[in-house]
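Hi,

Here is the structure I said I'd pass on. Have a look at it first, and then read on for what turned up.

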Amino acid sequence: MDESTYLWCAETRFGRMGIKERGGAILRLYLPGEIMEEGVCRWRSALLAEAFRQLEEYFDGFRTVFNLPLAPEGTPFMRSVWNALLAIPYGETASYKQIAEAVGNPRAVRAVGMANNRNPIPILIPCHRVIGSNGELVGYAGGLDLKAALLALEHDRPSGGSR
């Protein structure tokens, strides 16, 4: 298997984003304003081209589920939280408490928040769908404006009939 690392960035409707891939799987998605690694715009693989294509389809309201190999790096607990995030349906939200319950540790609300904060592949692993138990938007690496825009995008486009 090719273990080369590829990095690419492109302009999106929300600003410049970067995606990192190694060994045929997505490792990282950089949101607008995040500091990207040196050379992030130098190497583009077929997978990165496909990832950006799917991302644009999502932004355009035509894609509700991503079909990409993901390999986020983190602890087993973090990975369990990120897997729970993948189960939140398009257009819906869940609270940190609901995610803690989903991973079998209802008292780990703060730990879920930290794992959510450290999600290396936002949007593809939809941490923007996690809100406070009072329904308020809280924390997002790309800022609350981007989080609100992503949730509005999903709310305005019903999930039926989309990819």
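Before the helix residues make sense, one cut-off: a residue counts as buried when its relative accessible area is under 20%. Also keep in mind that this is a predicted model.

With that cut-off, the buried residues of helix H1 are Leu47, Leu48, Ala51, Phe52, Gln54, Leu55, Glu57, Tyr58 and Phe59. What do they pack against? The buried residues of H1 pack against S1, S2, S3 and helix H5, which covers 144–156. The length of H1 checks out too: its 14 residues should span 20 Å at 1.5 Å a residue, and that agrees with the end C-alpha atoms, which are 20 Å apart. After H1 comes Gly61, which has a positive phi, near 85 degrees.

Now the sheet. It is an open one made of three strands, in the order S1-S2-S3, with antiparallel pairing. Why is one side of S1 and of S3 left without a neighbour in the sheet? Strand S1 (5–12) and strand S3 (25–30) stand at the edges and have a single partner strand each, so there is nothing in the sheet on the other side. On average, neighbouring strands here are turned by 20 degrees against each other, if you ignore direction. Helix H1, residues 46–59, packs on this sheet and touches S1, S2 and S3, and its direction makes about 140 degrees with that of S2.

Going strand by strand:

- S1 and S2 are antiparallel and pair over eight bridges. Thr12 sits opposite Gly15 in S2, and a hairpin of two residues joins S1 to S2.
- S2 (residues 15–22) and S3 are antiparallel as well, joined by five bridges. Lys20 stands opposite Arg28 in S3, while Ile19 has Leu29 in S3 as its bridge partner.
- S2 and S3 also form a hairpin, with two residues between them. Gly23 in that turn has a positive phi of about 60 degrees.

How much of S2 is covered? Six of its eight residues are buried, so to speak of it as mostly covered is fair.

Two residues further along the chain are worth a click in your viewer. The first is Leu124, in the loop between H4 and strand S5 (130–131). Is Leu124 buried or exposed? Its relative accessibility is 4%, so it counts as buried. Leaving out residues up to four places away in sequence, Leu124 touches Ile26, Leu29, Leu55, Phe66, Leu68, Leu70 and Leu86. Leu29 is the bridge partner of Ile19 mentioned above, and Leu55 is one of the buried residues of H1. As for Leu86, it is 38 residues from Leu124 in sequence, yet their C-alpha atoms are 8.2 Å apart in space.

The other is Asn116, found in helix H4, residues 109–117. With 7% relative accessibility, Asn116 counts as buried. Which residues does Asn116 touch, not counting those up to four places away in sequence? They are Val81, Trp82, Leu85, Tyr96, Cys127 and Val130.

Cheers

Conventions:
Residues are numbered from 1 along each chain as its sequence is written. This is a predicted model: local features need pLDDT of at least 70, side-chain atom pairs count only at pLDDT 80 or more; totals for chains, interfaces and linings use all residues. Side-chain values use heavy atoms; hydrogens and water are left out. Two strands pair if DSSP finds at least two bridges between them. Helices (H or I, at least four residues) and strands (E, at least two) are DSSP runs, numbered from the N terminus. Axes are lines fitted to C-alpha atoms, for helices over the stretch in contact, and angles run from 0 to 180 degrees between N-to-C directions. Contact means heavy atoms within 4.5 Å. Buried means under 20% relative accessible area, exposed over 50%, partly exposed in between (1.4 Å probe, protein chains only). The expected span of a helix is 1.5 Å times one less than its number of residues.
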